[in-house]
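Work through the following exercises with the sequence and the structure side by side. Each task is followed by a solution that goes step by step.

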Amino acid sequence: MKILSIQSSVAYGHVGNSAAVFPLQRLGHEVWPVVTVHFSNHTGYGAWRGPLLAADDVREVIAGIGDRGVLGEADAVLSGYQGDPAVGGIILDTVARVKELNPDAVYCCDPVMGDVGRGMFVRPGIPEFMRDTVVPKADILTPNHFELDFLAGRETTTLAEILDAVDDVRTRGPRDVLVTSVLHGDVPEGRLDVVAVSDEGAWAVETPLLPILPNGCGDVTAALYLAHLRTTGSAAEALARTTSSMFAILEETLAAGTREIQLIAAQDAIAEPPMSFEVRRLR
C-alpha cells in the first residue's frame, strides 16, 4: 500500500510518525510521512525542544505532494494525535481529497485524547472536536477503552457494554473499530483484552498486562492494524497479527529496561508476527 501518515515526529525515540513509519515500511508498504511537530523527544519526558509546525506549513507540504500528482495513489490516510483543530481540519480536507481521487482509499484515525489514570491529556475542546468532527469521517478507528467510553458517552465495565458502545460509535461513521487496553469483569487480573469489531462480527484477544507503559504503543498499533486489515481483509486476522507483534515489541522493551519502545530490536516480530494469542469470536 501507499499510506499518507500525518502525525508528530521526534528525533529521539518512537512516537507519532517516528513510531508508525518504520513498522509500515518493515511490512513492505510505502509511507509518505507529513509531520505536524518535530520535537527532540516525546513530551512524556517533561522537557523537549523543537518546532510545532504551523497549520499552513502542514497544508503546504500536503499540497506539494498533490503537485506531484500522486495523492490519488494513496490507499490510506493515517492520523494520530491532533493537538490543534486547524491541523485536524487540514487532515480532514486531505482525506476528502484523497477519497475524491481514489474512492477505495480509507482513513484510519487513532483518536488520541486520554487514558485510564491520566484522564484527558489534550487541550480543552480537542476531545469534542475528535468526537463530533473527526470520528464521523473515519473508516477505521483505534481508541483505547478510556477513549471509547468518551466517544460513546458512557462508562463501560462489561464486555456487552463495550460492544454496545462500539456499535454506537460505528453508527456515526467508522465501520472498523479496534479497542485497546480493554478491561472488564471477565478479564483475569494481570491481563487485558483487545477487541476488534467490523461488519462481519466481533473478536477479542487476551494478552498478559506487562508492567510497563511506554509512549508510542497506540501509534504502532494503529499503523499495524491499518496495514493488516487492508492487506488481509479480515478484522480477526488483523487483530491476531497486530496483538502478536505489539506484545513482542513490549516484551523486547521490558527486557531492555528502556522507556522507548524497541521497534528496531523487535522488527522480525513486526515483519513475521509470532501469532502468539488465540482469537475468540464474540459474535
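**Exercise 1: Aromatic pairs**

A search of the whole structure, which is a predicted model, finds three aromatic pairs.

Task: Take the pair formed by Phe 39 and Trp 48, and work out how its geometry is classed and whether each partner is buried or partly exposed.

Solution. Begin with the geometry: the ring centres of Phe 39 and Trp 48 are 5.8 Å apart and their planes are at 35° to each other, which makes the pair tilted. The label follows because stacked pairs need planes under 30 degrees apart and edge-to-face pairs need over 60. Next, turn to accessibility, where Phe 39 has a relative value of 14% and therefore counts as buried. Trp 48, at 40% relative accessibility, counts as partly exposed.

Task: Find how the rings of Phe 247 and Phe 277 are arranged, and which parts of the chain the pair ties together.

Solution. The rings of Phe 247 and Phe 277 meet edge-to-face, with 5.1 Å from centre to centre and 90° between the planes. Then locate the partners: Phe 247 belongs to helix α8 (residues 235-256), while Phe 277 is in the loop between α9 (267-271) and β11 (279-281), so the pair ties together parts that are 30 residues apart in sequence. Finally, both Phe 247 and Phe 277 are buried.

**Exercise 2: A charge over a ring**

Task: Identify the ring over which the charged end of Arg 259 sits.

Solution. The ring is that of Tyr 45, and the charged end of Arg 259 sits 4.0 Å from the centre of this ring.

**Exercise 3: The surroundings of helix α1**

Task: Explain why helix α1 (residues 17-26) can be called largely enclosed by the rest of the structure, and name elements that cover its buried residues.

Solution. The first step is to count: seven of the 10 residues of α1 are buried, and therefore the helix is largely enclosed by the rest of the structure. The buried residues are Asn 17, Ser 18, Ala 19, Ala 20, Val 21, Pro 23 and Leu 24. The second step is to look at the cover, which includes strands β1 (2-10), β2 (30-39) and β3 (76-79), together with helices α7 (217-232) and α9. Looking just beyond the end of α1, one finds Gly 28 with a positive phi of about 100°.

**Exercise 4: Salt bridges**

Task: The count of salt bridges comes to 14; examine the one between Glu 73 and Lys 2, and say what it ties together.

Solution. In this salt bridge between Glu 73 and Lys 2, the closest N and O atoms are 2.7 Å apart. Glu 73 lies in the loop between α2 (55-67) and β3, and Lys 2 lies in strand β1, so the pair ties together parts that are 71 residues apart in sequence. Glu 73 is partly exposed, with a relative accessible area of 36%, and Lys 2 is also partly exposed, at 30%.

Task: Repeat the analysis for Asp 167 and Arg 283, and then name the residues that shared salt-bridge partners join into one network.

Solution. The side chains of Asp 167 and Arg 283 meet in a salt bridge with an N to O distance of 2.6 Å. Because Asp 167 is in helix α6 (residues 159-170) and Arg 283 is in the segment after β11, the pair ties together parts that are 116 residues apart in sequence. Asp 167 is partly exposed, with a relative accessible area of 23%, and Arg 283 counts as partly exposed at 39%. As for the network, salt bridges with shared partners join Arg 154, Asp 168 and Arg 172.

Methods. Residues are numbered from 1 along each chain as its sequence is written. This is a predicted model: local features need pLDDT of at least 70, side-chain atom pairs count only at pLDDT 80 or more; totals for chains, interfaces and linings use all residues. Side-chain values use heavy atoms; hydrogens and water are left out. Rings of Phe, Tyr and Trp (its six-membered ring) pair if their centres lie within 6.5 Å; planes under 30 degrees apart count as stacked, over 60 as edge-to-face and the rest as tilted. Buried means under 20% relative accessible area, exposed over 50%, partly exposed in between (1.4 Å probe, protein chains only). Helices (H or I, at least four residues) and strands (E, at least two) are DSSP runs, numbered from the N terminus. A charge sits over a ring if NZ of Lys or CZ of Arg is within 6 Å of the ring centre and within 35 degrees of the ring normal. Contact means heavy atoms within 4.5 Å. A salt bridge is a side-chain nitrogen of Lys or Arg within 4 Å of a carboxyl oxygen of Asp or Glu.
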